[in-house]
Structures are given as C-alpha cells and as structure tokens.
2 protein chains.
Amino acid sequence: MDLQGHQLIGQQSIAATGKPIYAINPATGQRIEPGYGSGSMSEVELACQLAWSAFDSYRETTLTDRADFLETIATEIEALGDVLIERAMLETGLPRARLEGERGRTCGQLRLFSNVIRAGEWLDVRIDSALPDRSPHPRSDLRQRQIALGPVAVFGASNFPLAFSVAGGDTASALAAGCPVIVKAHSAHPGTSELVGRAVQKAVAICKLPEGVFSLLYGAGNDLGQALITDPRIQAVGFTGSRSGGTALMHTANNRPQPIPVYAEMSSINPVILMPAALEARADALGHAFIASLNMGAGQFCTNPGLILAIKGEALGRFMAAAADAVSTSAPQTMLTPGIYAAYSAGLKQLRDSGKVSEIAASNLPTESKSPCHSTLFLASATDFISDERLHAEVFGSCSLIIECSDMTQLQEVLEHLEGQLTATLHMDEADHDAIKRLLPTLERKAGRILANTWPTGVEVCQAMVHGGPWPATSNSRSTSVGTAAIYRFLRPVCYQDLPQMLLPEALRDDNPLAISRLLNGIRE
Amino acid sequence: MDLQGHQLIGQQSIAATGKPIYAINPATGQRIEPGYGSGSMSEVELACQLAWSAFDSYRETTLTDRADFLETIATEIEALGDVLIERAMLETGLPRARLEGERGRTCGQLRLFSNVIRAGEWLDVRIDSALPDRSPHPRSDLRQRQIALGPVAVFGASNFPLAFSVAGGDTASALAAGCPVIVKAHSAHPGTSELVGRAVQKAVAICKLPEGVFSLLYGAGNDLGQALITDPRIQAVGFTGSRSGGTALMHTANNRPQPIPVYAEMSSINPVILMPAALEARADALGHAFIASLNMGAGQFCTNPGLILAIKGEALGRFMAAAADAVSTSAPQTMLTPGIYAAYSAGLKQLRDSGKVSEIAASNLPTESKSPCHSTLFLASATDFISDERLHAEVFGSCSLIIECSDMTQLQEVLEHLEGQLTATLHMDEADHDAIKRLLPTLERKAGRILANTWPTGVEVCQAMVHGGPWPATSNSRSTSVGTAAIYRFLRPVCYQDLPQMLLPEALRDDNPLAISRLLNGIRE
C-alpha cells in the first residue's frame with residue numbers, strides 16, 4: 001500500500017495543507033517520506049460532525065455487530081502484513097520482534113474487547129421491580145444500564161506505535177463502549193498511523209457502520225489537538241504521554257463551557273523494593289533481572305523500574321555490582337525519537353547536576369545510532385531523596401535510581417514521600433512477609449498495581465489489570481487504560497422509570513433477550 | 001439534648017471562635033440559638049489529620065463491622081426522636097410530615113448501604129489465573145479489587161437537611177466505600193446538623209472505630225470549605241447545591257497540585273414532555289398533577305418540573321387552564337431560607353424582564369411567612385426559548401415554564417438545545433410510542449433518568465436509581481449521587497500480581513472467604 005500522507009476522515013482521504021509532519025528515522029536522523037500536511041479547523045469540524053452524526057446509531061448497534069467490528073479491525077491490521085512492521089521499525093527504531101509482539105497484543109486486545117462487548121457485563125444492568133403495594137408510597141419500576149458517553153478524542157502515544165496508538169487500548173475501549181473515535185496521530189509515527197487508520201477505515205466500511213465512527217487527524221504542534229478537545233461534540237479524551245502534555249489537556253478540558261473527562265496516563269517511576277531476605281538470598285540474580293527489565297524498549301515503558309529501594313548493606317552491594325556489570329555490557333538501543341533522546345540526556349544531566357546522586361554504572365558500548373539510549377544507574381541516600389523533589393522526576397529511558405535506606409522504617413518513609421505510581425514491586429521471601437504486611441497499606445495508596453517477585457515492565461491485557469494509579473501516574477485513579485475495565489471510562493448510567501417494555505432497551509427487558517448478567521432487586525441473576 | 005454550637009472533630013466537641021452562624025427561621029425571620037462559631041485552619045487541620053490517621057484501618061474494616069456501623073448511625077439518628085424533627089422544622093420551614101419522611105429515607109439509605117457493603121459486589125473482584133505454560137509468554141496471576149479513595153469532604157445541602165446533609169447520601173456512600181468523611185454543615189440548618197453529627201459521633205464510639213472516621217465543621221462564607229478541599233489529605237468532594245457553588249469547588253479541586261474529583265449535583269430544569277395522545281386524553285388531570293409535583297417542597301427539589309414541552313393546540317389550552325387553576329389555589333409555602341426566597345424572587349423577575357414569556361398564573365393567597373413561595377407559571381414560544389439562554393436557567397422554587405411547539409420536530413429541536421438534565425419525563429399513551437422512539441436517543445443524551453407517566457419529584461433510593469446527568473446537571477455524568485451505585489464514586493481499583501495467598505486481601509483469596517460474586521477468568525462466579 002502506498003502511503004498518501006492524508007487525513008482519514010470518515011471514509012474520505014483528505015490532503016491537508018498545514019505544515020507537514022515527517023517521520024524521522026531515529027537511528028539515522030533521516031527524514032522519511034511522505035509528508036503529512038497538518039489539519040486545520042476544517043478537518044476537525046468535519047471529523048466531529050461525522051462522529052456526532054454517527055453517535056446515536058453506533059452506540060445502539062447490537063452487541064454482535066459491534067463485537068464483529070472490533071474483530072474486523074484486528075483482521076484488517078493483520079492483513080497489512082509486513083509493510084506495517086517495516087514502516088514501524090523505520091519510524092520508531094524498535095526491533096522487529098518487539099513490533100510483531102506489539103501487533104499481536106494490539107489485535108488480541110481488540111478481540112478481547114470483542115468478547116467483553118458480547119458478554120454484556122459492561123452494561124451493568126440493575127433492575128428494581130415496581131412495588132405497587134408498598135406503604136406509604138409505592139415504588140416505580142426502575143432500570144439502569146450504561147450508555148456510551150459520546151465521541152472520544154484519542155491521542156496516539158509515542159512509545160507503543162500500535163498498542164497505544166491509532167487502534168490501541170484507548171480506541172478499542174472507546175469503540176467497545178459505543179463511542180465514535182477521532183485519533184490525533186502521534187507525529188513520530190505518521191506512516192504507521194496511516195496504515196492502521198486505513199485498516200480501521202476499511203473495517204468500518206466492511207461492517208457497514210456510519211463512516212463517522214472513526215477518523216484519523218494529523219497536526220504539527222498543539223493547535224489541532226486543542227481544537228479537537230474544545231469541540232463541544234467531543235465528550236472524553238484518552239492520552240498517554242508526558243505529565244506536561246497530560247496536564248495541558250486537562251486544563252483545556254476543565255475550562256470548556258462543558259468540562260469533559262481526560263484519561264491521561266502520564267508519569268511513574270515504579271518503585272521496586274528489595275526486601276531483606278530476598279536480597280540476601282539472590283542479590284546477584286536480582287541485579288541481572290533488574291537490568292533486563294530496565295533495558296526493555298530502551299526504558300521507554302510507562303512501567304520502567306526507575307527506582308530501587310533497599311536497605312544498605314553487603315547484600316545491596318552485591319546487587320549493585322551485578323546490576324553495574326549488566327549495565328556496562330548493555331548495547332545501546334535506539335530511542336523512539338530524537339526528541340526523546342534529547343529529553344533523556346537532559347534528565348540524566350539534571351540528576352548528575354543535583355549533587356545528590358553518584359553514578360554507579362553507565363553503558364558505553366559504541367553505537368552508530370543517532371538516538372542511543374545509554375543505560376545509567378545512580379545511587380542516592382534516602383534522606384537526600386526525601387528532601388529533593390528533582391530526584392522524584394521520571395527520566396524516560398533506561399535510567400534508574402537506587403535508594404539506600406537505613407532500615408524498613410526509613411524505607412517506608414521514602415514510600416510515603418512518593419507521588420502516585422502505576423506500579424510498586426516487591427521482591428520477597430517468606431521471611432519478609434511480616435514486614436510486607438506493614439508496607440502494603442502504603443503501597444495500595446500509592447500505586448495501581450502491586451507485584452511480587454517479578455518486574456513491572458510487561459502489562460497483561462486481561463480482566464484484572466490496572467494500568468492506572470494516583471496522580472500524577474494518571475489524571476484519574478479510578479480507571480485503567482489497559483484491560484477490560486478500561487471500557488467504563490467511556491460509559492455513563494441512564495435510569496428508565498416505568499417505561500413500557502416495548503420502549504425499553506433490550507438489555508433491560510423482562511425476558512433478558514441479551515442473556516446477560518443482571519442485578520435484579522439486589523440479587524445477581 | 002442541648003445544642004452546644006460546637007465543631008465535632010473526631011470524638012471531640014470544640015468551640016470555634018470565628019464569626020458565628022445562626023439559623024434563621026424562614027417563616028418568621030427570627031434568629032435561632034445557639035450560634036456556631038466558624039472553624040478556622042486549625043479545625044480543618046485537626047479533622048484532616050484525624051481522618052488521615054483513621055483511613056488505612058477504616059478502609060480495611062470487615063464488611064460486617066462497616067455494615068454494622070452504618071446501621072448504628074441509623075439507629076442513633078432515630079434515637080434522637082422528636083427533637084430532631086422539631087429543630088429541623090424551625091430551621092427549614094419544612095412541614096413535619098416531610099421531615100419525618102426524610103428521616104425515614106435517610107435511615108433507610110444507611111441501611112441499604114449496609115446491605116450493599118455486606119453483599120460485596122462493590123469490590124468488583126476480577127481474577128485472572130496464572131497461565132504458566134502459555135506461549136510465547138506465561139501469564140502472571142492477576143487479581144483486582146476496589147479500595148477506598150481516601151478522606152472525603154461532604155458539603156451539606158440546603159434542601160434536604162437530613163437526606164443530603166450530615167448523614168445523607170454522600171456521607172453514607174463514602175463511609176460505605178471505606179472513606180472517612182468530613183462534613184461542612186450547611187449554614188441554614190446548623191442545629192439539625194449538630195444533632196445528626198452527634199448521632200454519627202456516638203455510632204463511631206459504639207462501633208469502636210478510629211475517631212477520625214467522621215468530623216463535622218461549621219464555617220460562615222467560603223474560607224473553611226476552600227481550606228478543606230485544598231488540604232492534600234482530602235481525596236474527593238461531594239456537593240449538592242447551586243451551579244456557581246459547584247463550579248467554584250471544581251475550579252479549586254482541579255487546581256490543586258493533585259487534582260481531585262468533585263461530585264457536584266447542581267442544576268436542572270427537568271423537562272416534562274406531554275405527548276399528543278396523552279395530552280388529548282387527560283389534559284385536565286395532567287394539569288393538576290403537574291402543579292402537585294411543582295409545589296412539592298415549595299419547588300425546592302433538584303428534580304422539580306421546571307419546563308413543560310407540548311404541541312400548541314386546544315388540548316394544551318385545557319392543560320394550562322387546569323394548571324393555572326391549581327396554581328391560583330396553591331397556598332404559599334415557606335421557602336428554606338430567606339436567601340433562597342430572595343433568589344427565587346430574582347429568578348422570577350429575570351423571566352418577566354426577558355420580554356419572552358407571558359405569565360399565565362401565580363398563586364397569591366395571603367400568607368404570614370417572611371419567605372413565601374408563590375407558585376408561578378410562564379408560557380413561551382419554542383423559538384424564543386431556543387434563542388434566549390436566560391429562559392434555560394433553573395429558578396429554584398415552584399416556577400415552571402411551558403413551551404409551545406409547532407410540531408414534534410420543533411419539540412425535538414427544543415430538547416436538543418437543552419443543557420444536561422437530571423431527569424426527562426414523558427406523558428404518553430400507546431399512540432405516542434412511535435414518536436417517542438424518535439425522541440429517546442435525544443433524551444438519553446440529555447438526562448440521567450427518563451420517566452414515563454409519572455413526575456420527576458421523588459427519587460427512590462435503590463440499586464437502579466440514577467440521580468445524575470450530563471453537565472451542568474452534575475459535574476460528572478458517569479456517576480449518581482442517589483442509589484447504591486453512588487459508592488463507586490469513592491473507590492479505585494488496585495491490581496495484585498503474583499502475591500502469595502496469605503498477603504492477598506480476603507476478597508481476592510482462592511477460597512473466596514467473603515463469599516462474594518467475582519469475575520473468574522472472565523466468567524461470573
């Protein structure tokens with residue numbers, strides 16, 4: 001398929017005339033054709049108008065039709081074949097295996113949401129039957145279901161060009177909820193975005209859905225994104241990216257005449273706690289496994305282990321020696337964009353300049369990449385960490401900070417001083433259990449996911465996943481951006497009181513034609 | 001019980017020294033003793049510190065202990081006896097029967113949440129079992145539950161001195177979720193608040209809970225409320241009141257270093273649509289029933305029918321004549337406060353001054369009340385309504401605006417121009433069903449609750465209720481402030497990955513010791 005550099009609006013392919021976006025090969029620094037002209041207000045207007053006109057019918061498609069649509073998107077993405085992987089490799093510097101895995105995850109995610117749609121649990125049906133003889137007042141017949149919120153704006157992420165981009169988790173969950181989606185492509189991988197966007201566009205046509213169900217816009221700078229989220233027809237925003245980007249979107253969304261929710265997944269340093277017994281038993285193995293996790297995707301994971309907490313001593317020394325050894329033999333990987341490389345370098349410099357950290361290892365193997373990630377390990381004292389907020393900032397890349405604590409009390413104090421996190425990880429043996437019981441309340445308050453004897457990189461797409469957490473890990477700790485519960489971000493409840501059966505939505509009728517789980521007079525049926 | 005005019009902070013009773021608040025008897029304009037000295041930063045600090053220190057243990061109380069606590073609050077409120085009703089009558093001007101009914105609802109609400117806690121559905125447990133042999137990557141064991149968000153600030157409402165005040169819906173749902181609560185009493189009924197506050201305080205002691213689970217603060221003006229919601233320990237806000245009050249709270253909450261959710265239930269004019277066949281068949285009866293609903297609580301209900309939509313013609317004429325007749329014989333009721341009376345008078349004046357409405361009836365029976373609500377009906381054309389936003393504003397009281405439409409198309413156009421609403425009501429016969437099918441998508445987008453052949457005043461506390469709706473009816477259309485689903489406002493998900501059984505919360509253990517409904521590998525068990 002030849003890339004055209006167009007905006008995909010409904011079933012149309014439109015050449016916009018604003019400042020063009022070009023992908024840059026981060027390994028070589030070279031520009032990649034074609035250019036993608038930035039869209040303007042008129043493209044935003046058309047996409048929003050189409051999305052709005054599609055909304056009422058799309059949100060009431062049958063469970064089967066909507067589930068089939070998500071499956072068709074997966075099929076069409078797979079049908080793109082190797083051209084998708086090759087373009088994504090060029091645009092992101094990510095290796096083939098990673099991108100093939102990510103494609104599998106993206107399509108698996110669409111198929112999982114397809115199952116979720118069919119199961120109908122997301123409708124959260126609650127029925128309270130009429131009680132005409134109740135005294136002193138009779139009770140009406142009351143029935144609740146969830147309906148789609150409205151058209152959703154999704155901002156593609158840089159670090160998962162497939163799984164968190166055009167047809168990624170935000171798009172899949174919003175489409176599953178019955179919301180039309182308008183994606184703003186991430187400027188780092190416009191060609192990958194176009195390929196996936198055309199697959200979605202084709203699925204819309206195959207499934208005979210209203211064309212406004214999906215559009216894909218491009219824009220250099222922030223103007224197009226701002227225009228999109230200030231449009232009154234947009235009812236929610238999905239975003240994965242930096243803290244500054246997320247807070248800017250929130251500010252705009254909160255200051256609309258009608259404020260709307262922004263689901264922004266932003267920054268996290270993902271503390272890993274090495275409990276004493278575990279550290280004593282396997283410091284060396286933990287050190288090596290730590291660096292393997294740190295280096296995944298050149299550290300460009302939201303769940304990268306950016307902070308290690310342990311008690312000072314000989315075992316921690318062994319852990320650091322093993323980790324330093326693994327770092328020094330780490331081959332530099334190409335980072336996603338020249339901009340991310342520059343930000344990583346600046347983040348390392350800020351840590352070094354703080355005067356509070358000592359550098360204990362850095363990879364320095366030669367590389368020809370123009371955007372290399374040199375893995376770097378720092379050490380700081382718990383006291384310095386607690387007193388200096390600069391040490392708490394996420395450095396996006398393979399950088400981690402080890403904090404030496406005097407004892408478990410100080411370690412817990414460090415945890416209490418952390419901002420909200422996506423994850424918190426414990427390495428433990430049975431002898432550590434009692435101490436962990438005292439830590440768990442803190443960890444539950446600080447993080448969306450608590451892991452034992454594993455590493456936080458790697459986010460399973462399933463029913464129980466929480467990829468979220470207290471501010472500033474996300475803008476809304478009551479949700480997740482990965483896993484099936486992500487669908488609830490884009491739904492709202494509606495109650496029907498005393499409506500005749502024939503006017504009720506199918507989900508709420510007495511004979512339960514959708515055969516879904518419902519709460520009937522407080523009892524799950 | 002003698003009222004002391006104190007702040008109730010944990011188990012303490014503290015005389016604050018700020019500007020005192022006095023209740024005013026709205027019927028007589030007379031001040032009611034005692035004065036309640038406004039709290040300052042030191043009272044906010046103490047309440048927040050106690051709430052924070054109670055949080056970790058309160059949120060992990062057993063389901064039984066927490067359910068017993070809510071039941072004990074209900075018992076203690078009932079034990080106050082007639083002193084509560086008499087004080088509330090003095091402070092609010094509401095009649096005895098209404099307040100006795102509201103007390104029943106308040107205690108019933110606490111007991112319903114007690115049942116919700118015990119059932120454990122709110123934990124939304126999801127378990128995805130480990131798949132150690134899965135290829136290419138094994139799956140970890142992943143388990144999700146909901147945990148309490150943190151201490152919640154609740155602002156008492158003027159119009160339900162029991163059911164939406166100190167131990168009302170916001171407090172009951174937050175306590176049920178496991179959140180300590182700090183209430184700011186509404187200044188219109190400080191004595192009623194103290195009585196209920198002492199009942200809650202006593203229940204905390206009886207149930208041997210940490211004292212910080214509940215505090216009750218008083219403050220003239222906005223300073224104390226602002227101090228409360230900017231305190232970093234407060235994690236969510238519940239509010240029922242005006243649009244300006246709700247948006248001010250949202251602004252403050254959004255601009256904290258850590259933004260927090262505000263659940264504000266604000267303003268709604270609650271359109272009632274008289275469908276042609278129903279109007280033709282029973283215009284007279286509908287007219288009388290309409291005024292009965294309009295006059296309930298002197299119109300001081302969030303769900304007051306402030307807007308009637310119908311097609312111009314003879315039947316609408318009969319409806320208006322019947323309604324006008326009922327209005328002219330309506331005895332003026334005392335409004336809740338002199339301030340609400342003043343705002344009602346100003347709202348009527350704004351409508352009259354708009355030049356777009358004609359007054360078709362107003363009650364003018366004599367009254368000795370100093371804050372009388374004279375029921376008032378206006379008429380306007382659909383065209384004028386659509387073009388003049390002043391006609392869309394809520395006038396809190398027994399005021400309603402009838403909109404004459406030329407046909408169903410114009411009626412639907414009026415609906416499309418409405419802001420978000422708590423309710424939308426249809427009066428219909430079978431001959432109206434086809435036309436209603438075309439209206440329903442609009443109504444679903446505009447309102448949280450859709451009613452047929454009844455009136456919106458009266459909100460059942462049950463599983464299926466939605467007392468919420470799109471902006472500006474509420475700040476968050478994805479929630480409800482009445483009914484059991486209100487508990488979800490104060491919860492967030494946490495995922496546990498590969499934790500040993502003994503470290504897992506009981507709700508997530510293999511043997512399901514709480515015997516709750518769970519989603520196991522996608523199947524409801």
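Modeller: A salt bridge here is a side-chain nitrogen of Lys or Arg within 4 Å of a carboxyl oxygen of Asp or Glu. This is a predicted model: local features need pLDDT of at least 70, side-chain atom pairs count only at pLDDT 80 or more, and totals for chains, interfaces and linings use all residues. Residues are numbered from 1 along each chain as its sequence is written, and side-chain values use heavy atoms, with hydrogens and water left out.

Colleague: How many salt bridges does the rule find across the interface of domain 1 and domain 2 of chain A?

Modeller: An automatic or database assignment sets the domain bounds. Domain 1 of chain A is 32–129 + 139–266 + 478–490, and domain 2 is 271–452. Arg243(A) forms a salt bridge with Glu419(A), with N and O 3.0 Å apart. Across that interface the count is 1 salt bridge.

Colleague: What area is buried between chain A and chain B?

Modeller: Buried area is the accessible area (1.4 Å probe) that two parts lose on being put together, summed over both. Carbon and sulfur atoms give 55% of it for chain A and chain B. The area is about 6,000 Å².

Colleague: Which residue of chain B does Tyr496(A) stand opposite?

Modeller: Strands are DSSP runs (E, at least two residues), numbered from the N terminus. Two strands pair if DSSP finds at least two bridges between them. β21(A) and β20(B) pair in the parallel sense over 3 bridges. Opposite Tyr496(A), in β20(B), stands Ile450(B).

Methods:
Chains are lettered from A and ligands numbered from 1 in the order in which they are written. Helices (H or I, at least four residues) and strands (E, at least two) are DSSP runs, numbered from the N terminus.
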